Amino acid sequence: MAKPGHAWSRAAAEQGEAEEGEDPLDAMIARTGCLEQHRQLQECMAERQDWRHCQAELRAFGACMARRQQRE
């Protein structure tokens, strides 16, 4: 019988990659090398409450993720 929850979060927990209390999404983003850009985007979103005011941060995060994808 399948366990509840997302397969990726369950797999990360089973492999011991995510520390207790660590957000599985943050752990996945950290492995991409784009964590700093993601945190800057999150900070902008928390401050401005509107993604349209965070376009520079959004573009920087998107560019980082695109570079990561091209390397694969």
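This is a short tutorial dialogue on reading helix packing, disulfides and a few local features in a predicted model.

Student: Let's start with packing. What describes two packed helices?

Tutor: Two things: the angle between their axes and the distance between those axes. Here, take α2 (residues 24-32) and α4 (residues 55-71): they pack at an angle of about 65 degrees, and their axes are 10 Å apart. That makes α2 roughly perpendicular to α4.

Student: Which residues make the contact of α2 with α4?

Tutor: From α2, look at Ile-29, Arg-31 and Thr-32; from α4, look at Phe-61, Met-65, Arg-68 and Arg-71. By type, the residues of this contact divide into three nonpolar, three charged and one polar.

Student: Which residues of α2 are buried?

Tutor: Here's the general idea to begin with: an α-helix has 3.6 residues a turn, so residues three or four places apart point the same way. In α2, the buried residues are Ala-27, Ile-29 and Thr-32. Their cover includes α3 and α4.

Student: Thr-32 has come up twice now. Is Thr-32 buried or exposed, and at what relative accessibility?

Tutor: Thr-32 has 12% relative accessibility, so it counts as buried; the cut-off is under 20%. Set aside the neighbours within four places in sequence, and Thr-32 is in contact with Met-65, Arg-68 and Arg-71. A polar atom of the Thr-32 side chain also lies 3.1 Å from the backbone nitrogen of Cys-34.

Student: And what happens at the ends of α2?

Tutor: At the N-terminal end, Asp-23 is the cap: one of its side-chain oxygens lies 2.9 Å from the backbone nitrogen of Leu-25. Just after α2 comes Gly-33, with a positive phi of about 85 degrees.

Student: How should I read the sign of phi?

Tutor: Most residues other than glycine have a negative phi. Now look at Gln-49, where phi is positive, about 60 degrees, although the residue is not a glycine.

Student: Where is Gln-49 found, and is Gln-49 buried or exposed?

Tutor: Gln-49 sits in the loop between α3 and α4. Its relative accessibility is 64%, so Gln-49 counts as exposed.

Student: On to the cysteines. How many disulfides are there?

Tutor: The test is a pair of cysteine sulfur atoms within 2.5 Å, and by that rule the count comes to two. Cys-34 and Cys-64 form a disulfide with their sulfur atoms 2.0 Å apart. The torsion about the S-S bond is -90 degrees, and the link of Cys-34 and Cys-64 is left-handed. This pair links distant parts of the chain, 30 residues apart: Cys-34 is in the loop between α2 and α3 (35-48), whereas Cys-64 is in helix α4. Cys-34 and Cys-64 are both buried.

Student: Which cysteines form the other disulfide?

Tutor: Cys-44 and Cys-54, with their sulfur atoms 2.0 Å apart. The torsion about the S-S bond of Cys-44 and Cys-54 is about -90 degrees, so this disulfide is left-handed. Cys-44 lies in helix α3 and Cys-54 in the loop between α3 and α4, so the pair ties together parts that are ten residues apart in sequence. Cys-44 and Cys-54 are both buried.

Student: What is the pairing if I number the bonded cysteines in sequence order?

Tutor: Numbered that way, the pairing is 1-4, 2-3.

Key. Residues numbered from 1 in each chain as written. Predicted model: local features only at pLDDT ≥ 70, side-chain atom pairs only at ≥ 80, totals over all residues. Heavy atoms only, no water. Axes fitted to C-alpha atoms, helices over the stretch in contact; angles between N-to-C directions. Helix = DSSP H or I, 4+ residues; strand = E, 2+ residues; numbered from the N terminus. Parallel < 35°, antiparallel > 145°, perpendicular 65-115°, else oblique. Contact = heavy atoms within 4.5 Å. Nonpolar A, V, L, I, M, F, W, Y, C, P; charged D, E, K, R; others polar. Buried < 20%, exposed > 50% of the residue type's maximum accessible area, 1.4 Å probe, protein only. Polar contact = N/O pair within 3.5 Å; in protein donor to acceptor, adjacent residues only side chain to side chain.
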